[in-house]
Amino acid sequence: MPFFLIAIDGPAASGKSSVSRRLAARLNCACVNSGSLYRAATWGVLQAGVDPADPEAVATAVSALRLDSETVDGSLQIRVNGLDPEAYLRDPAVAASVSKVSSVPAVREILTGILRSLGSSSSLIMEGRDIGTVVFPATPFKFYIDASESVRLQRRHAQGEADSLVSRDRQDSTRRTAPLRIAEDAKVIDSTHLGLDEVVSQVVDHLRHQGLSVPE
Ligand code: CDP
């Protein structure tokens with residue numbers, strides 16, 4: 001199998017993670033949820049007692065964090081100052097602050113560097129907000145998965161998670177650095193009325209059309 005990087009972007013609860021995991025199993029490659037890294041940095045900021053609404057303090061705090069990331073058994077493993085933040089990444093406090101922290105340009109510079117290095121040695125699928133536009137702009141394999149706001153709210157609710165999804169989307173789309181937007185060369189899939197199988201099959205069809213061989 002040749003080297004490939006697949007970028008999957010879209011708003012919160014559009015189905016990116018489920019599609020990425022399914023696709024990674026088919027392609028036998030790692031699947032990196034870049035949002036986890038932004039959430040981990042946010043957790044580190046909150047742990048340090050820093051106000052997430054103070055961009056300068058956030059930039060200083062994130063530069064001082066030791067953020068280690070590697071793919072283990074096909075998914076991203078993160079350490080923040082040596083600690084595993086996994087259990088805290090979906091906390092409402094993290095969800096409420098992550099868009100503020102990720103709007104700080106210095107934070108994006110550091111995290112983009114980490115994400116790029118993950119994709120420098122092995123093929124992978126990466127999902128997020130700016131993967132096709134900023135992290136891996138040169139890859140030909142780009143998708144933007146969308147869904148109506150009401151369906152996304154229902155999906156997140158069904159996951160039993162308290163999430164400030166609407167406000168995160170607004171902040172993520174309007175920030176100055178690397179806002180959520182559709183890359184010009186991305187294949188857009190609206191999953192509002194589609195099940196997971198249908199979205200995955202549209203992604204696979206498109207990848208095959210682009211010349212990437214995807215096993216059944
Ligand atoms: O799971 P969901 O799509 O709701 O969110 P996530 O992927 O865990 O991302 C959490 C937050 O991280 C987003 O709301 C963005 O503020 C930020 N993020 C980002 O700025 N850039 C990325 N490439 C990925 C996430």
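Is Trp-43 buried or exposed? With a relative accessible area of 9%, Trp-43 is buried, because anything under 20% falls in that class. Keep in mind as you look around that this is a predicted model. Two topics are worth a visit here: a pair of aromatic rings and an enclosed cavity.

**The aromatic pair**

- A pair of aromatic rings is described by the distance of the centres and the angle of the planes.
- The count for this structure comes to 1 aromatic pair.
- Trp-43 and Tyr-88 have ring centres 5.2 Å apart and planes at 5°, so the two rings are stacked; planes under 30 degrees apart earn that label.
- Distant parts of the chain are linked by this pair, as its two residues are 45 residues apart.
- You can find Trp-43 in helix H2 (residues 34-47), while Tyr-88 sits in the loop between strand S4 (75-80) and helix H4 (92-101).
- While Trp-43 is buried, Tyr-88 counts as partly exposed, at 38% relative accessibility.

**The cavity**

- Rolling a probe the size of a water molecule over the atoms shows where empty space is left.
- There is 1 cavity of 30 Å³ or more in the structure, and the largest cavity holds about 30 Å³ of space.
- Its lining includes Asp-9, Lys-142, Phe-143, Tyr-144 and Arg-181.
- Helix H6 (131-135) and strand S6 (141-146) each give at least two residues to this lining, with the largest share, 3 residues, coming from S6.
- Sorted by class, the lining of the largest cavity is made up of 5 nonpolar, 2 polar and 3 charged residues.

Conventions:
Residues numbered from 1 in each chain as written. Predicted model: local features only at pLDDT ≥ 70, side-chain atom pairs only at ≥ 80, totals over all residues. Heavy atoms only, no water. 1 Å grid on protein atoms, 1.4 Å probe; cavity = no way out; pocket = protein on both sides within 12 Å on 5 of 7 lines; lining within 4 Å. Points joined across faces, edges and corners; volume = space filled by probe spheres on them. Helix = DSSP H or I, 4+ residues; strand = E, 2+ residues; numbered from the N terminus. Nonpolar A, V, L, I, M, F, W, Y, C, P; charged D, E, K, R; others polar. Phe/Tyr/Trp six-rings, centres within 6.5 Å; stacked < 30°, edge-to-face > 60°. Buried < 20%, exposed > 50% of the residue type's maximum accessible area, 1.4 Å probe, protein only.
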